Amino acid sequence: MKVIYVDNNATTKVAEEVTEEMLPYFSIDYGNPSSAHTFGGNVRNKVEEARGKVADLVGAHPTEIIFTSCGTESDNAGIRSILEISSDRKHFVTSRVEHPAVLNLVPYLTRCGHRVSQVPVSKEGLLDMEMLSDALEPHTAIVSIMYANNETGVIFPVEEIGEMAHYAGAYYHCDAVQAVGKIPINLKENNIDLLSISGHKLHAPKGIGALYVRKGIRFPPFIIGGHQESGRRGGTENVPYIIGLGKACELAKKNIEKENTHVKALRDRLEKNLLAIPETRINGHLEDRLPNTTNISFRYIEGEAILLHLSSIGICASSGSACTSGSLQPSHVLRAMGVPYDYAHGSIRFSLSPYNTQEEIDFIIEKMPGIVNRLRQISPYWKEAAAGKGSA
Ligand code: PLP
């Protein structure tokens, strides 16, 4: 059975060019970049070349990029290292719709004696900027608010958020794991102090990430060990994966236009056709959104049941973030947006990539009405609604 993969916000296929670039660094050029000999020195040069490519994709200087093991480590390191240097400020501001990589720091930081404010979002998933302004205070050390939401694709106004954080004397950390490679980012032009990147969301392997730290910010290492990464992250570098991330960033820079033309056109085609099914709605702002993501609710049925039907015909989508599926609770993001219960339970996220084709999208469009119809025929909620209205 052919697989139609439309779950690219969960993870992406490693690009062939990326694998090819990585391979020699396992068993041929396997030197340690910290070694004094030329064999290691050549590898060091390649690591620095990769750092340059990552920096180039986001408009940073190579010295501002630290390699990490994943997006989660980047988020933890960014936030916790800044809290460490801000010992006189014990207040942390974030949003209610962050990925668990940030959200689950909240109880931990509270236990450590920090106060936390979580800014709400509107029905369309947009950040409540007034509530952000109210939350900021002289003791705020750091604001951590994501660039784009992994479940809905909604994009936040990062420039304004950074400006407000700076006005309060706080740093701004941005989890840009879903935005990097999908929309243009220029760190020279916005107010972001620290930014998290994850390789497996942009066609590099799982288990490699990067953290941007603006020049001039003191950054004690979160992983303490050797002098690697200019003393900012201990541990021998994951050389093949770093090289893979560099290549993926180089490719992403070339593909970014395709994301906003080909990928967006496919997403819009899918969305328009699925909205023709009765009692459906899009979750998230229609304009301020990643070009590859659509989160659609099919009222009165379970998203998990839709996923099982899709999976049985080779279509891979998601009913929330990969980390929360498995629980039958509507996701924290949809709950924060106040999506009504009977819609929230039937939500599906389709997240596309440049590898998707129109034939694949048309196959989904062809199959979805039948799946939704079949599930509604056995849904007590649908029957109840139909009886109430006289028809469904
Ligand atoms: N932040 C966001 C917005 C994400 O979507 C993810 C992964 O889904 C992460 C952080 C965590 O990244 P990683 O899987 O590399 O730890």
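1. Helices α10 and α14 are roughly parallel to each other in this predicted model. Helix α10 spans residues 239–274, and helix α14 spans residues 358–377. Their axes come within 10 Å and cross at roughly 10°. Angles under 35 degrees count as roughly parallel, so the label follows. The crossing of α10 and α14 is right-handed.

2. Helix α14 has another packing partner, α11, which covers residues 303–312. Here the axes are 10 Å apart and the angle is about 135°. Angles over 145 would count as roughly antiparallel, and 65 to 115 as roughly perpendicular. The α11 and α14 pair is therefore oblique. The crossing of α11 and α14 is right-handed.

3. On description: two packed helices are described by the angle between their axes and the distance between the axes. For α10 and α14, that gives roughly 10° and within 10 Å. For α11 and α14, the values are about 135° and 10 Å.

4. Now the ligand. There are 13 residues around it. T72, D175, Q178, S198 and K201 come nearest. By class, the shell holds seven polar, three nonpolar and three charged residues.

5. Which helix gives the most to the shell around the ligand? Helix α4, residues 71–85, does, with three residues.

6. Oxygen atoms of the ligand have polar partners in the protein. In K201, a side-chain N or O atom lies 2.5 Å from a ligand oxygen. In Q178, a polar side-chain atom is 2.8 Å from an oxygen atom of the ligand. At G71, the partner is a polar backbone atom, 2.8 Å from a ligand oxygen. Taken alone, the ligand exposes 390 Å², and the protein buries 89% of that.

7. Points to check on screen. For the ligand, view the contacts of K201, Q178 and G71. For the helices, view α14 against α10, then α14 against α11.

Notes:
Residues numbered from 1 in each chain as written. Predicted model: local features only at pLDDT ≥ 70, side-chain atom pairs only at ≥ 80, totals over all residues. Heavy atoms only, no water. Near = heavy atom within 4 Å. Polar contact = N/O pair within 3.5 Å; in protein donor to acceptor, adjacent residues only side chain to side chain. Areas by Shrake-Rupley, 256 points an atom, 1.4 Å probe, with all protein chains shown as cover. Helix = DSSP H or I, 4+ residues; strand = E, 2+ residues; numbered from the N terminus. Nonpolar A, V, L, I, M, F, W, Y, C, P; charged D, E, K, R; others polar. Axes fitted to C-alpha atoms, helices over the stretch in contact; angles between N-to-C directions. Left-handed = near helix turned anticlockwise from the far one by under 90°.
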